[in-house]
Amino acid sequence: MTTINESYFLQNKPKPTSTTGQSALGKDDFLKLLITQLQNQDPSNPMDDREFIAQMAQFSSLEQMTNMNKTIQKFVDTQTSQSLVQFSELIGKEVKWVQEVDVDDYRTELQYSDNKVQSVKVEFDGTIRILLDNNRWIHHEQLTQVSGDQNQGTNKPSEKESETS
């Protein structure tokens, strides 16, 4: 009986890697191309002024768009961190949340549940996820109601604590 060497399995095939540079040209690349074009132009037939001005305007627009993109990314990062802080205030609170449950192949219904929030996290895509006391992670958009802790700010024991005393 012949055996197959495990190194031939598809899952062990090395992943192809790209050895090229970035997939998009940046403002530095555009400026290098423009300078190279100016250095290598025919002295007897130089670049037209209008063409040169148009290319400089394109370079200026590219630089402004790059700067605006960086500013917007900083804004998005700030909003994400603020959302995490905002949702962290839910830790320890009772929340009502909803989920769709399949009734049969054609129908779904909404099912509401009450749980306490244990933890909050931000996913790589910026989505806020909430860990409930039943060890289930839900999306922040599933929340329908937030209730404060009844004992918060008082010295009275809860009903459960008074029953055990």
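Lys-96 stands opposite Asp-114 in strand 2, and this pair offers a way into the sheet of what is a predicted model.

**The sheet and its order**

The protein chain contains 3 helices and 5 strands, which follow one another along the sequence in the pattern α-α-β-β-β-β-β-α. The 5 strands form an open sheet whose order is 4-3-2-1-5, and the pairing within this sheet is antiparallel. Strand 4 (137-139) and strand 5 (143-147) stand at the edges, and because each has a single partner strand, one side of each is left without a neighbour in the sheet. When direction is ignored, neighbouring strands of this sheet are turned by 50 degrees against each other on average.

Strands of a sheet pair through backbone hydrogen bonds, in either the parallel or the antiparallel sense. Two of the pairings, both involving strand 2, are set out below.

| Pair | Sense | Bridges | Opposite residues |
|---|---|---|---|
| Strand 1 (residues 94-102) and strand 2 (residues 108-122) | antiparallel | 9 bridges | Val-95 and Asn-115 |
| Strand 2 and strand 3 | antiparallel | 5 bridges | Val-122 and Ile-128 |

Strand 1 and strand 2 form a hairpin with 5 residues between them. The hairpin of strand 2 and strand 3 likewise has 5 residues between the strands, and in this second hairpin Gly-126 takes a positive phi near 90 degrees.

**Asn-115 within strand 2**

Is Asn-115 buried or exposed? With a relative accessible area of 9%, Asn-115 counts as buried, because the cut-off for that class is under 20%. Asn-115 is found in strand 2, where Val-95 stands opposite. Apart from residues up to four places away in sequence, Asn-115 touches Lys-93, Glu-94, Val-95 and Trp-97, and also Leu-132, Asp-133 and Asn-134.

**The nonpolar core and the helix across the sheet**

In soluble globular proteins, nonpolar side chains tend to be buried together. In this model the largest nonpolar core has 11 residues in all, made up of Phe-87, Leu-90, Val-95, Trp-97, Val-117, Val-120, Ile-128, Ile-130, Leu-132, Ile-138 and Leu-143. Strand 1, strand 2 and strand 3 each supply at least two residues of this core, and the largest share, 3 residues, comes from strand 3.

Leu-143, itself a member of this core, is in contact with Phe-87, Leu-90, Val-95, Lys-96, Trp-97, Ile-130 and Ile-138, once its neighbours within four places in sequence are left aside. Among these partners is Lys-96, the residue that stands opposite Asp-114 in strand 2.

Helix 2 (residues 49-88) lies across strand 2, strand 3 (128-132) and strand 5, and the helix runs at about 105 degrees to strand 2.

**Aromatic rings and overall figures**

Which residue lies over the face of Trp-137? Lys-121 takes that position, at 4.3 Å from the ring centre. The count of aromatic pairs, by contrast, comes to 0.

Of the 165 residues of the protein chain, 14% count as buried. Among contacts in the protein chain between residues at least 6 apart in sequence, 42% join residues at least 24 apart.

Key:
Residues are numbered from 1 along each chain as its sequence is written. This is a predicted model: local features need pLDDT of at least 70, side-chain atom pairs count only at pLDDT 80 or more; totals for chains, interfaces and linings use all residues. Side-chain values use heavy atoms; hydrogens and water are left out. Two strands pair if DSSP finds at least two bridges between them. Helices (H or I, at least four residues) and strands (E, at least two) are DSSP runs, numbered from the N terminus. Axes are lines fitted to C-alpha atoms, for helices over the stretch in contact, and angles run from 0 to 180 degrees between N-to-C directions. Contact means heavy atoms within 4.5 Å. Buried means under 20% relative accessible area, exposed over 50%, partly exposed in between (1.4 Å probe, protein chains only). A nonpolar core is a set of buried Ala, Val, Leu, Ile, Met, Phe, Trp, Tyr and Cys residues joined through side-chain atoms within 4.5 Å. Rings of Phe, Tyr and Trp (its six-membered ring) pair if their centres lie within 6.5 Å; planes under 30 degrees apart count as stacked, over 60 as edge-to-face and the rest as tilted. A charge sits over a ring if NZ of Lys or CZ of Arg is within 6 Å of the ring centre and within 35 degrees of the ring normal.
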